[in-house]
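This report describes how the strands of one protein chain are arranged into sheets. Please look at the sequence and the structure below before reading on.

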Amino acid sequence: MSLVEAVRAAAPALAAEDAAGAEQRRLTDVAWKQLNETGVLRALQPARWGGGEVPLAEFLDAVVEVGRANPAAGWVTAVVGVHPWQIALFPERTQQEIWGEKPDRAIASSYTPTGRIERVDGGYRVSGRWSFSSGSLHCDGVILGGIAGTREWNGHDVADFTSVILDREQYRIEDTWHTAGLAATGSNDIVVDELFVPEHRGQSHVDYTYHLGAPLPGRELNSGALYRLPWAVVFNLIIAAGALGAAQGFVDEWVKATRTRRSNYGGMLRDDALIQNHLAENLYAVDAGLLKLRRAAVELTETAEAGEWPSREARAFYRYDVARAAQEAGAAVTRLMRASSGRVAYLDHPLHRRFQDVTAAVGHAFLLADPLGQAFSALHLGAEDRPGVHL
């Protein structure tokens, strides 16, 4: 059974846990167990650690299918499921510490640089608060992002955005996630009190973004094409997959509700030409986003298999393309919501929570398309290259 087939087989069970997860403000234990049993959370983990090491496109397809059944589960799958890919770029010592005794260990994250990461002798000093740590209540560690000063690139200084990996006993989770959308992701705050993190537990994103192709230590042992992809684009793709899966699930539910809905004039809405047109136009937007997502993953993988790296212009294009696609899918969902019954205002209506989930998903910072479009256009036109976004 393929990864996508395993996820589709688990979809009914995941869908059944959606409402309970939203009420608990975390994925239910049943949903978490289902995700683990499909293998999707370890799909990007190196095979030598027992992971799937599947092509990126296959993982994204699986994320979409999870989100289609249960949007919060899809979001957590995307975020938690991509962390093994990043950990595979760290030194062997780090991988051994993370996976040596527990290869299926799940790691959460928060890359919002609101906390402090400072370079010190032998490592980093970490303290502060990080928000939006999806799935953290189910995880046994966290990756935190912060700006550790500056580094030189192309004749000028750039922010030294850095990731550090912490074990569960090194931070606390504060219950702050009271939201209308994606409630079951349990995206609570991570709080750290003046902690020393050794150097091998940190990695600079300057090497991911500006020094692309730098000999990151993890690539010596994890040499497959999967681990020769650009960090920022990969993370943009997984976030877009979470949003697009939720959008597709909304369309599924809208179709189900509209098939049996009567108009105010006594006829069936399914026979209304305007309603039919609404569906066609908005399904087009969601489907286009899914195609763009897969194209980016396939083309990036082909570039990596050829032993090459995508140009800054190509990376900017992929990031803009999928972020814009997610925004367009979100707009499509909003349009369909407006063509729904007034009963969608009720909290227990099947479309209400899904609408809120999509709205929350497309609000993610990585899906803000405007600066990405500007970066791509500037590079495409040959304008002065000013690094303003992660590429």
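## Terms and model

Two strands count as paired if DSSP finds at least two bridges between them. The model discussed here is predicted.

## The sheet with mixed pairing

One open sheet has four strands in the order β1-β4-β5-β8, and its pairing is mixed. Its edge strands are β1, residues 108-110, and β8, residues 202-204, each of which pairs on one side only. From one strand to the next, the twist averages 30°.

Inside this order, β4 (residues 141-153) pairs with β5 in the antiparallel sense, over eleven bridges. One residue pair can be named here: Glu-152 has Asp-157 in β5 as its bridge partner. The hairpin of β4 and β5 has two residues between the strands, and Asn-154 in that hairpin takes a positive phi near 55°.

## Strand β5

Strand β5 covers residues 156-167, and its pairing with β8 is antiparallel too, over three bridges. In that pairing, Thr-162 has Ser-204 of β8 as its bridge partner.

Is β5 largely enclosed or not, and why? Nine of its twelve residues are buried, so β5 is largely enclosed by the rest of the structure. Buried here means under 20% relative accessible area.

In general, side chains of a regular strand alternate between the two faces of the sheet.

## The antiparallel sheet

A further open sheet also consists of four strands, in the order β2-β3-β7-β6, with antiparallel pairing. At its edges stand β2 (116-120) and β6 (172-174); each has a single partner strand, so one side of each is left without a neighbour in the sheet. In this sheet the twist averages 15° from one strand to the next.

Which strand does β3 join through eight bridges? Strand β3, residues 123-133, is joined in this way to β7, residues 188-198, and the two run antiparallel. Within this pairing, Ser-133 stands opposite Asn-188 in β7.

## Summary

The strand orders are β1-β4-β5-β8 for the sheet with mixed pairing and β2-β3-β7-β6 for the antiparallel sheet. The edges are β1 and β8 in the mixed sheet, and β2 and β6 in the antiparallel sheet.

Note on methods:
Residues are numbered from 1 along each chain as its sequence is written. This is a predicted model: local features need pLDDT of at least 70, side-chain atom pairs count only at pLDDT 80 or more; totals for chains, interfaces and linings use all residues. Side-chain values use heavy atoms; hydrogens and water are left out. Axes are lines fitted to C-alpha atoms, for helices over the stretch in contact, and angles run from 0 to 180 degrees between N-to-C directions. Buried means under 20% relative accessible area, exposed over 50%, partly exposed in between (1.4 Å probe, protein chains only).
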